Amino acid sequence: MFVSFLLAGFGMVAASLLLDVVQHWQVFEQVSEVYILVPALLGLKGNLEMTLASRLSTHSHLGHLETSLKALIVGNLCLIQCQAILVGFLAAMAAVVMGWIPKGDFDIHHAMLLCASSVLTASFASFGLGLIMIGVIVVSRKININPDNIATPIAASLGDLTTLALLSWIASLLYRTIGTSVVLPSMIIISGLILVPLCGYIAFNNQFTRQALDEGWVPVVSAMVISSAGGLILDYTVSNYKGIAVFQLVINGIGGNMVAVHASRLSTLLHTGQPAGAVLGNTTRLLLVMVVPGQLIFIYTIGYLKAGHTSLTPIFILIYMTAAMLQVFLLLCISHYLVVGMWRLGLDPDNSAIPYLTALGDLLGTALLGIAFHILYAIGDKDSDLGD
């Protein structure tokens, strides 16, 4: 698991470095609501791909990959395409509202840009990452590796980097059309919304995805709202602390990875009727311990590359690591009670638990990192000239 965790972490470091670069792009500076979209869309992709990984891991343990692989592929790709486009549209609407309320100034061109960028990014990323995740699960099964341990971290890391790159590129291209025409953004939005009922119909008629289609909406939409709240915090903190951007996706991603592995393993144990007590307790302690070397490797990689705007002083590392450990500890505690509670209520935690947990990871990570930087600035441990 540690190897996939490191690979996933370096994927998130790459995404963080990318965010540190694109925050200076014109579209991010002129349409600041794009920041609100970042945690919501990255959280959405992580949610969809990680719930896909969790579902397929369970199907793998139950032997369904050998008997119904084609039906599983078609149904799940249509399911996540349907969810991605619709929730991407709702995330853009939330970003528009959250950006409009404090400013009191509504710009139709900015709103169209946000909606079109979100829908197109969600659709493309959903299809590409969905195929990759199916491949990871199938290969894991063939070489006798437990997909519960590696699939969700890989999903999260690829989702962050791919989605942020797509969002930045698409938003930047559409920004060039602002003020000239609304035809292109309108066509993107309409085409996406036409795909929703078509993909939904296919997923509903598939025996492996009907339950996920029924149960998956509330968690994914709720997670989008929670992540959008994190995006509002990110919009504020990035404007006040330039150094925060490069660490944001690392702390959020590692917390999301840890809790997703925990939830996926617990869900599989419940589905297969295995005893969860001692095995899961050991897993929980291991995940918590892994945060320390993992975070140190990743933040020193960022420091070695001289990225961002913050130097790695001892007091910075102490406060940052405290925030990271507190985030993962809270998430693992919440995960246990949430997954078991859903199982007792008759809900499949493979479909419902991870969206809530990763969204809470984004919210907690963003808030705790903001508090950490506020404390650092308050005690005078600050510098904003590095990386300029």
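Helices here are DSSP runs of H or I with at least four residues, numbered from the N terminus. With that in hand, let's look around this predicted model, starting with helix α7.

Helix α7 covers residues 183-204. It has 22 residues and spans 32 Å from its first C-alpha to its last, close to the 32 Å expected at 1.5 Å a residue. Part of α7 is tucked away: P185, I188, I189, G192, V196, C199, G200 and A203 are buried.

Another part of α7 shows up at the surface. V74, L195, L198, Y201 and I202 make a nonpolar surface patch of about 450 Å², and α7 gives the largest share of that patch, 4 residues. One of the patch residues is L195, which sits in α7. Its relative accessibility is 32%, so L195 counts as partly exposed.

Now for a residue in another helix. G370 lies in helix α13, which runs over residues 349-378. Buried or exposed, which label fits G370? It counts as buried, because its relative accessibility is 10% and the cut-off for buried is under 20%.

Here are the two residues side by side:

| Residue | Relative accessibility | Label |
|---|---|---|
| L195 | 32% | partly exposed |
| G370 | 10% | buried |

What does G370 touch, leaving aside its neighbours within four places in sequence? G370 is in contact with T237, Y241 and I244. As for Q26, that residue is 344 places from G370 along the chain, and the C-alpha atoms of the two are separated by 24 Å.

Key:
Residues numbered from 1 in each chain as written. Predicted model: local features only at pLDDT ≥ 70, side-chain atom pairs only at ≥ 80, totals over all residues. Heavy atoms only, no water. Patch = residues over 30% accessible without salt bridge, like charges linked within 9 Å, V, L, I, M, F, W, Y side chains within 5 Å. Areas by Shrake-Rupley, 256 points an atom, 1.4 Å probe, with all protein chains shown as cover. Salt bridge = Lys/Arg side-chain N within 4 Å of Asp/Glu carboxyl O. Helix = DSSP H or I, 4+ residues; strand = E, 2+ residues; numbered from the N terminus. Buried < 20%, exposed > 50% of the residue type's maximum accessible area, 1.4 Å probe, protein only. Contact = heavy atoms within 4.5 Å. Expected span 1.5 Å × (residues − 1).
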